[in-house]
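Let's take a relaxed walk through a protein model, one stop at a time. Keep the picture open while you read.

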Amino acid sequence: QVPARVTPPPPLSGWTRPGLPLGRRSPSCMGGDGHGHRRGPVKPAAMPQSLSGGGATGPTSAEKNISLPAALLGVEEATALTEWVLHCAAQALEHPTAGRSEAEKVLGKVLHWLAPPVSSQALAMVAVSGFPGALVRAIRKYRNEPAAAALACVAAVRSAGSSEVALAHMRAGAIEEVGGLMDRHPSHGGVQNVCLLLLSSLMKDATAARQAVSLGLVAKVLRAMESTLGREVQLNGLVALRLLADSGRAPRAGLQEAAMRAKVAHQSDSAVCATANDVLALVTPRFKEVLCWHWQNGWCKLGPRCTYAHGPSDLRGGGDVSQRVEEPGRPQRQGAEEQRQRTTRQTGA
């Protein structure tokens with residue numbers, strides 16, 4: 001008995017392709033694999049990330065390299081700092097066709113979001129982004145443009161609030177670029193000041209401080225402090241010298257004179273004087289540990305350059321030393337005697 005012929009249903013529009021039998025559904029439309037096995041519904045293609053920055057969480061792999069107009073638009077239209085905005089800013093700074101005006105526009109917007117106090121969430125986003133490296137390379141790229149290079153240094157200072165970000169700057173060669181920028185503009189007080197700020201922000205541990213010493217940053221800091229007696233340069237230079245001398249074990253030559261000069265120039269500034277005293281305590285034996293004999297008798301001709309304390313409030317160190325008065329010259333003789341006795345004991349041992 002011959003079975004009845006079954007007439008296939010008419011094909012539906014868009015559900016067949018040339019070369020397929022009638023009634024056979026296309027795998028691209030129904031999720032099939034071409035053999036009648038269903039794969040499930042086809043997911044729509046992912047939409048590209050929005051360049052607005054308001055809610056975007058970061059770039060996809062297809063969006064790592066974006067055009068300069070798109071990067072600038074991403075920063076310009078952003079309303080908050082996000083990983084995607086940091087990616088756009090880094091792309092704009094490192095784009096080969098970006099100029100000084102584009103860099104200053106991007107850095108100005110980012111500095112607005114990094115205004116102190118910078119939140120820990122913002123620092124965490126900066127640490128995992130490519131923005132620290134882009135900043136360091138921007139300092140090198142715009143080395144001949146003081147305004148743009150200074151903005152990049154300020155952005156690096158504000159973003160170096162955590163050790164992770166500071167380490168990212170270090171790995172990108174920030175200390176080398178700071179030294180190069182200081183050499184390029186030795187008489188530019190503003191550039192010297194932001195370089196000193198960035199240098200102090202980077203030296204968060206002994207390793208960074210010793211690297212700075214090995215790269216010759218001590219001489220550059222001393223040169224900056226000699227070029228101008230401005231308050232900010234003197235204060236930031238003293239902070240850098242304190243870190244270089246304490247953590248970096250820098251040579252003491254020139255540090256005492258620089259600290260004394262800053263104290264004399266800013267005698268009424270408590271912050272400058274206190275920081276200068278910290279530097280002097282590192283390079284001068286028994287600094288301010290005893291009262292000045294001349295001051296006790298009415299007048300000391302050295303004034304702020306004296307290494308002895310001018311009053312109990314000027315004393316440093318622990319213990320009850322407020323009543324100790326020694327004549328200048330005696331501590332040196334006493335120290336020499338102690339050194340002679342120590343040498344004798346070592347020779348006898």
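What follows is a short tour of this model, from the whole chain down to single residues.

**The big picture**

First, keep in mind that this is a predicted model. The protein chain has 17 helices and two strands. It is built from 349 residues, and buried ones make up 40% of them. The accessible surface adds up to about 19100 Å², with 54% of that belonging to carbon and sulfur atoms.

How much of the contact network joins residues at least 24 apart in sequence? Take the contacts between residues at least 6 apart: 64% of them join residues at least 24 apart.

**Two helices that meet**

Now find helix α9, residues 174-184, and helix α12, residues 217-227. Two packed helices are described by the angle between their axes and the distance between the axes. For α9 and α12, the axes come within 10 Å and cross at roughly 40 degrees. The crossing of this pair is left-handed.

Which residues make the contact? On the α9 side you'll find I175, G179, M182 and D183, and on the α12 side L217, K220, V221, R223 and A224. Sorted by class, the contact between α9 and α12 holds five nonpolar residues, one polar residue and three charged ones.

Stay with α12 for a moment. Its buried residues are L217, V218, K220, V221, L222, A224 and M225. What covers them? The cover includes α9, along with α10 (189-202), α11 (206-214), α13 (231-246) and α14 (255-265).

**A look at α10 and α11**

Helix α10 is home to V191 and Q192. Is V191 buried or exposed? V191 counts as buried because its relative accessibility is 1%. Leaving out neighbours within four places in sequence, V191 is in contact with P146, L181 and H185. V191 also sits 8.3 Å from A147, C-alpha to C-alpha, although 44 residues separate the two in sequence.

Next door in the sequence, Q192 has a relative accessibility of 1%, so Q192 counts as buried too. Setting aside residues up to four places away, Q192 touches M182, H185, P186 and A224. Remember M182 and A224? Both turned up in the contact of α9 with α12.

Over in helix α11 you can find T207. T207 counts as exposed because its relative accessibility is 60%. The C-alpha atoms of T207 and G248 are separated by 7.5 Å, with the two residues 41 apart along the chain.

**Cysteines without a bond**

A disulfide is a covalent bond between the sulfur atoms of two cysteines. How many disulfides turn up in a search of the whole structure? The search finds zero.

Why isn't C153 in one? The closest cysteine sulfur to that of C153 is in C195, and the distance of 4.6 Å is too far for a bond. C153 is buried, with a relative accessible area of 0%. C306 is in no disulfide either: the nearest cysteine sulfur, in C300, is 3.9 Å away, while the cut-off for a disulfide is 2.5 Å. C306 counts as buried as well, at 2% relative accessibility.

**Backbone oddities in the loops**

Finally, have a look at some loops. The peptide bond from P116 to P117 is cis, with omega near -5 degrees. P117 is placed in the loop between α4 (100-113) and α5 (120-127).

There are also two arginines with positive phi to look at. Phi of R249 is near 55 degrees, a positive value in a residue other than glycine. R286, which is not a glycine, has a positive phi of about 55 degrees. Where do they sit? R249 lies in the loop between α13 and α14, and R286 lies in the loop between α15 (270-283) and β1 (291-292).

How exposed are the residues visited on this tour? Here are some of them side by side.

| Residue | Relative accessibility | Class |
|---|---|---|
| T207 | 60% | exposed |
| R249 | 62% | exposed |
| R286 | 28% | partly exposed |
| Q192 | 1% | buried |
| V191 | 1% | buried |
| C306 | 2% | buried |

Key:
Residues are numbered from 1 along each chain as its sequence is written. This is a predicted model: local features need pLDDT of at least 70, side-chain atom pairs count only at pLDDT 80 or more; totals for chains, interfaces and linings use all residues. Side-chain values use heavy atoms; hydrogens and water are left out. Buried means under 20% relative accessible area, exposed over 50%, partly exposed in between (1.4 Å probe, protein chains only). Axes are lines fitted to C-alpha atoms, for helices over the stretch in contact, and angles run from 0 to 180 degrees between N-to-C directions. Helices (H or I, at least four residues) and strands (E, at least two) are DSSP runs, numbered from the N terminus. A crossing is left-handed if the near helix is turned anticlockwise from the far one by less than a right angle, and right-handed if clockwise. Contact means heavy atoms within 4.5 Å. Ala, Val, Leu, Ile, Met, Phe, Trp, Tyr, Cys and Pro count as nonpolar, Asp, Glu, Lys and Arg as charged, and the others, Gly among them, as polar. Accessible areas come from the Shrake-Rupley method with a 1.4 Å probe; for residues, only the protein chains shown count as cover.
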